[in-house]
Amino acid sequence: MTTKTITYTSTFEEDVIKGLTSFPKSLSSKYFYDKKGDKLFQDIMAMPTYYLTNSEYEIISSQQEAISTAFQGENGFDLIELGAGDGKKTKVLLKYLTQQNIDFSYLPIDISQNVLDGLKESVEKEIPGIDIRPQQGTYFEVLEDLASYNSRKKVIMVLGSNIGNLLHPKAIEFLANIREGMNTDDLLFMGFDQKKNPQTILDAYNDKEGITAAFNKNVLHRINSELDANFDVDQFTHWEVYDPETGTAKSYLVSKKEQHVRINKLELDVNFKAWETIHTEISQKYDDTVVTWLADEAGLQIADQFVDSKGFYKNYLFKKK
């Protein structure tokens with residue numbers, strides 16, 4: 001493996017170099033997402049085995065009145081959603097809030113401009129007159145701006161158990177950063193996938209149809225197309241593991257054979273041994289004890305919680321301590 005000194009033109013380039021020259025190798029799951037990756041993730045969320053979407057959808061649909069009541073402020077509120085995606089679950093809440101003539105603004109934030117464009121178009125079509133202001137960016141970029149929204153109560157919403165992509169120390173840091181941008185009356189509404197039968201979890205991330213595998217491998221397709229690389233994507237297999245003790249699910253791409261990859265735009269050569277791994281994603285699972293500990297470490301406390309009928313998933317409402 002050889003590298004030359006180059007100037008990065010994007011964080012994608014920088015992260016690819018760092019990830020593929022480290023040991024063990026890794027690539028961030030945030031790079032699964034482009035137009036193709038966005039569509040694959042929509043397909044994943046529609047799979048029967050991917051219980052997370054339906055579980056959270058059930059919570060929001062069946063408990064929208066209680067959730068909306070908790071959100072309301074004296075002068076209305078700003079609903080700031082991090083990682084908005086296609087908004088399927090959020091639209092249920094947005095429609096209810098609009099029907100109840102509740103004063104609010106919706107600020108969806110996502111790393112994908114393609115997703116935001118589609119979300120804005122669909123929301124404005126389905127909920128005419130709504131005040132929607134999309135913003136493109138990563139969580140950490142947006143967190144720096146949260147404190148500027150201080151004219152009225154704000155509710156920060158993170159659905160889909162996205163916090164599960166972070167190991168506990170980073171999750172605490174993430175929660176603490178959100179807290180820094182919160183005022184006394186502000187709230188954080190966040191989804192946490194719960195610990196459950198390990199086979200149920202494995203089935204969610206390793207579907208027989210191979211959609212999750214294609215989603216995982218999309219990061220290699222992106223490197224090929226955007227960085228002029230020659231990954232033979234078929235020579236990597238998707239592999240998922242789950243540790244019920246720690247509650248950590250991990251995704252890998254495993255090289256089926258010894259192979260050499262050239263990434264021309266980065267002037268980077270990468271060698272793989274047979275069965276060598278690229279770690280691409282973690283998906284953490286939780287219980288009340290762990291969530292309470294994370295919140296406490298970040299200076300937050302649980303104000304309320306909402307659970308689906310199977311006990312698979314919970315949305316917690318946090319406030320500042």
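**Exercise 1. Place Glu276: find its contacts, its element and its burial.**

Step 1. Take contact as heavy atoms within 4.5 Å. Leaving out residues up to four places away in sequence, Glu276 touches Lys25, Leu253, Val254, Ser255 and Asn271.

Step 2. This is a predicted model: local features need pLDDT of at least 70, side-chain atom pairs count only at pLDDT 80 or more, and totals for chains, interfaces and linings use all residues. Residues are numbered from 1 along each chain as its sequence is written, and side-chain values use heavy atoms, with hydrogens and water left out.

Step 3. Locate the residue. Glu276 lies in the loop between β10 (268-272) and β11. Helices (H or I, at least four residues) and strands (E, at least two) are DSSP runs, numbered from the N terminus.

Step 4. Decide on burial. Buried means under 20% relative accessible area, exposed over 50%, and partly exposed in between (1.4 Å probe, protein chains only). Glu276 has 14% relative accessibility, so it counts as buried.

**Exercise 2. Describe the hairpin of β9 and β10.**

Step 1. Count the bridges. Two strands pair if DSSP finds at least two bridges between them. Strand β9 (residues 259-263) joins β10 through 5 bridges, and the two run antiparallel.

Step 2. Pick one bridge. Val261 has Val270 in β10 as its partner.

Step 3. Inspect the turn. The hairpin has 4 residues between its strands, and Glu267 there has a positive phi of about 50°.

Step 4. Why is β10 described as largely enclosed by the rest of the structure? Because 4 of its 5 residues are buried.

**Exercise 3. Work out the open sheet and the surroundings of Thr246.**

Step 1. Order the strands. The open sheet has 4 strands, in the order β1-β11-β8-β7, with mixed pairing. β1 (25-26) and β7 are the edge strands, each pairing on one side only.

Step 2. Examine one pair. β8 and strand β11 (residues 277-284) run antiparallel and are joined by 7 bridges. Thr248 has Gln284 in β11 as its bridge partner.

Step 3. Add the helix. α9 lies across β7, β8 and β11, and runs at about 155° to β7. Axes here are lines fitted to C-alpha atoms, for helices over the stretch in contact, and angles run from 0 to 180 degrees between N-to-C directions.

Step 4. Turn to Thr246, in the loop between β7 (236-243) and β8 (248-255). Its relative accessibility is 39%, so Thr246 counts as partly exposed. Not counting residues up to four places away in sequence, Thr246 touches Lys195, Gln284 and Lys285. The C-alpha atoms of Thr246 and Lys285 are 8.2 Å apart, with their positions 39 residues apart along the chain.

**Exercise 4. Which residues touch the most other members of the largest nonpolar core?**

Step 1. Set the rule. A nonpolar core is a set of buried Ala, Val, Leu, Ile, Met, Phe, Trp, Tyr and Cys residues joined through side-chain atoms within 4.5 Å.

Step 2. Apply it. The largest core has 65 residues; Val16, Phe71, Phe189, Leu220, Ile223, Phe231 and Ile263 touch the most other members. Helix α10 (residues 211-227) gives the most to this core, with 6 residues.

Step 3. Look for another core. A second, separate one has 30 residues, including Leu146, Leu166, Leu294 and Ala298.

Step 4. Zoom in on Phe231. Apart from residues up to four places away in sequence, Phe231 touches Leu20, Leu220, Ile223, Asn224, Phe236, Val261, Ile263 and Phe272.

**Exercise 5. Classify two aromatic pairs.**

Step 1. Rings of Phe, Tyr and Trp (its six-membered ring) pair if their centres lie within 6.5 Å; planes under 30 degrees apart count as stacked, over 60 as edge-to-face and the rest as tilted. The count comes to 19 aromatic pairs.

Step 2. Tyr50 and Tyr205 are edge-to-face, at 6.1 Å centre to centre with 80° between the planes. Tyr50 sits in the loop between α2 (35-45) and α3 (51-62), and Tyr205 in helix α9 (residues 198-205), 155 residues apart.

Step 3. Check burial. Tyr50 is buried at 8% relative accessible area, and Tyr205 is buried at 7%.

Step 4. Phe192 and Phe318 have ring centres 6.0 Å apart and planes at 70°, so this pair is edge-to-face too. Phe192 lies in strand β6 (residues 187-193) and Phe318 in strand β13, so the pair ties together parts 126 residues apart in sequence. Both Phe192 and Phe318 are buried.
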